Amino acid sequence: NTASLNGSTLGGGTHNPYDLTRTAAGSSNGSGIAAAMSFAAATIGTETAGSIVGPSSVNGVVGMKPTIALVSRRGIVPISLTQDSSGPMARTVRDVALLLEVIAGTDPGDPWSADADANKADYVAALSTEALQGKRLGVLRPTGSSAESVGPLFDAALEVLSAQGADLVELPEDALVDTRPEMRVILLQDFKVDLNAYLRGTPSTVSVRTLADLIDFSRNDPRESMHSMEYWEDAQATDGGRQNLNYIASLEAGKRLAQEDGIDRLLRAYDVDALVTPTGAPAAVLQPDGTPGPGPIPEGARGTRPPSLTATAAVAGYPLISVPMGLVDGLPVGLSFVGTAWTEAVLISLAYDYEQASMSRIPPPMALTSRRSSN
């Protein structure tokens, strides 16, 4: 929805463990907070367009969004099987690699994962403190307000990458194209199709069987009516499913812009092994529930928002990993490594080398206090 809602209508809001007045991002913020605070050795997040790497960045942990369906989505409430992914979140790259090795693979319950077994790898074996040596990395610098807040930290990260033997290649500011107009069509159309299919597979005791039922329930439930439902209503208004001609055209255009003319073009044209960029800005100040905002997929012509590598990788279905880069005014920011399909082992190795050379993760002060009090 376009109105802010911090957390759950049932359990309440979440808070950033580095500063309780700041957001923990979404939507896998519970997984990010739990990993950051050492409530769990590792966690699993889900992402459609940034919901693993966003919370990983602002909560100071490592997070990996794999190639679409390297990890089965069976049992996950869907937004879009075209873009939905599940992936590991943890305090170290090694823990992320260990967890990904366990959860990756083909699952008959998710037909989209048919190629997963053929493309999974030994991610722990890929860990190397010499992985960056001789690698060429395409550098996408932050723009706008992020350039001022994150720029100096990113420069320091680039120095570490260079010192580890990486050859850095500066990419132009307009290297990416905003794919959000296509993503809006894809997500709205997919949500109705995929959610209805998911609900059909739930036990008969679940009375909500369709998106229309869910909208009706949420309008009348005192807790769920706290948030707006315009995206649900827009999805319900779609027709034709995945045979809708506008959907087919948007899916084709989005994949082309994000893959062939996007990430793959940059990798090929600049002869680089991966792309590197800040994952995002530091955590924003929490807004009261109901505060109006543009929402994740606003209407409007291309350029409504500046293009981001996270959104481009989401539309492409390509993997990315975010690793802690340090703090800006006490708030964590992540560094993202992005590649083409099925390159998880490469990205994990690059992130591990950077992590071990920089040792940039600083635990939340509250985690340290809690640990001392329990001893």
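In this predicted model, Glu170 is partly exposed, because its relative accessibility is 44% and so falls between the limits of 20% and 50%. The side chain of Glu170 meets that of Arg141 in a salt bridge, with a distance of 2.9 Å from N to O. This pair connects distant parts of the chain, since Glu170 belongs to strand E5 (residues 167–170) while Arg141 lies in the loop between E4 and helix H5 (145–163), 29 residues apart. Arg141 likewise counts as partly exposed, with a relative accessible area of 38%.

The salt bridge just described belongs to a set of 16 that a search of the whole structure finds. In another of them, Asp271 pairs with Arg136, and the closest N and O atoms are 3.9 Å apart. Asp271 is placed in the loop between helix H9 (245–269) and strand E6 (274–278), whereas Arg136 is part of strand E4 (residues 136–139), so this salt bridge ties together parts that are 135 residues apart in sequence. The two partners are set in unlike surroundings: Asp271 is exposed, at a relative accessible area of 53%, and Arg136 is partly exposed, at 26%.

A further salt bridge is formed by Arg184 and Glu299, whose closest N and O atoms are 3.9 Å apart. Here too distant parts of the chain are linked, for Arg184 sits in helix H6 (residues 180–200) and Glu299 in the loop between E6 and helix H10 (309–316), 115 residues apart. Arg184 counts as buried because its relative accessibility, 12%, is under 20%, while Glu299 is exposed because its relative accessible area, 63%, is over 50%. Salt bridges with shared partners also join Arg136, Asp167 and Asp271 into one network.

Burial is also found at Ser218, which has a relative accessibility of 1% and therefore counts as buried. Ser218 is placed in helix H7 (residues 211–220). When residues up to four places away in sequence are left out of account, Ser218 touches Glu224, Ser225, Met229 and Trp232.

Helix H11 (residues 344–358) consists of 15 residues and reaches 21 Å from its first C-alpha to its last, which is close to the 21 Å expected at 1.5 Å a residue. The helix is mostly covered, with 11 of its 15 residues buried. Those buried in H11 include Glu344, Asp353 and Glu355, as well as Leu347, Ile348, Leu350 and Ala351. Ser349, Tyr352, Tyr354 and Ser358 are also among the buried residues of this helix. In general, an α-helix has 3.6 residues a turn, so residues three or four places apart point the same way.

Just after H11, Met359 adopts a positive phi of about 45°, although this residue is not a glycine. Met359 is located in the loop between H11 and helix H12 (365–374). Its relative accessibility is 59%, and Met359 is therefore exposed. Such backbone values stand out against the general pattern, in which most residues other than glycine have a negative phi and most peptide bonds are trans.

Two further backbone features occur towards the other end of the numbering, in the segment before helix H1 (29–36), where Ser27 is placed. Gly26 and Ser27 are joined by a cis peptide bond, for which omega is about 0°. Ala25, also in the segment before H1, has a phi near 65°, a positive value in a residue other than glycine. The relative accessible area of Ala25 is 23%, so this residue counts as partly exposed.

As to empty space, the second largest pocket holds about 240 Å³. Of the 15 residues that line this pocket, those closest to its centre are Arg73, Arg74, Ile76, Leu81 and Gly109. The lining of the second largest pocket is made up of eight nonpolar, two polar and five charged residues.

Note on methods:
Residues numbered from 1 in each chain as written. Predicted model: local features only at pLDDT ≥ 70, side-chain atom pairs only at ≥ 80, totals over all residues. Heavy atoms only, no water. Helix = DSSP H or I, 4+ residues; strand = E, 2+ residues; numbered from the N terminus. Buried < 20%, exposed > 50% of the residue type's maximum accessible area, 1.4 Å probe, protein only. Contact = heavy atoms within 4.5 Å. 1 Å grid on protein atoms, 1.4 Å probe; cavity = no way out; pocket = protein on both sides within 12 Å on 5 of 7 lines; lining within 4 Å. Points joined across faces, edges and corners; volume = space filled by probe spheres on them. Nonpolar A, V, L, I, M, F, W, Y, C, P; charged D, E, K, R; others polar. Salt bridge = Lys/Arg side-chain N within 4 Å of Asp/Glu carboxyl O. Expected span 1.5 Å × (residues − 1).
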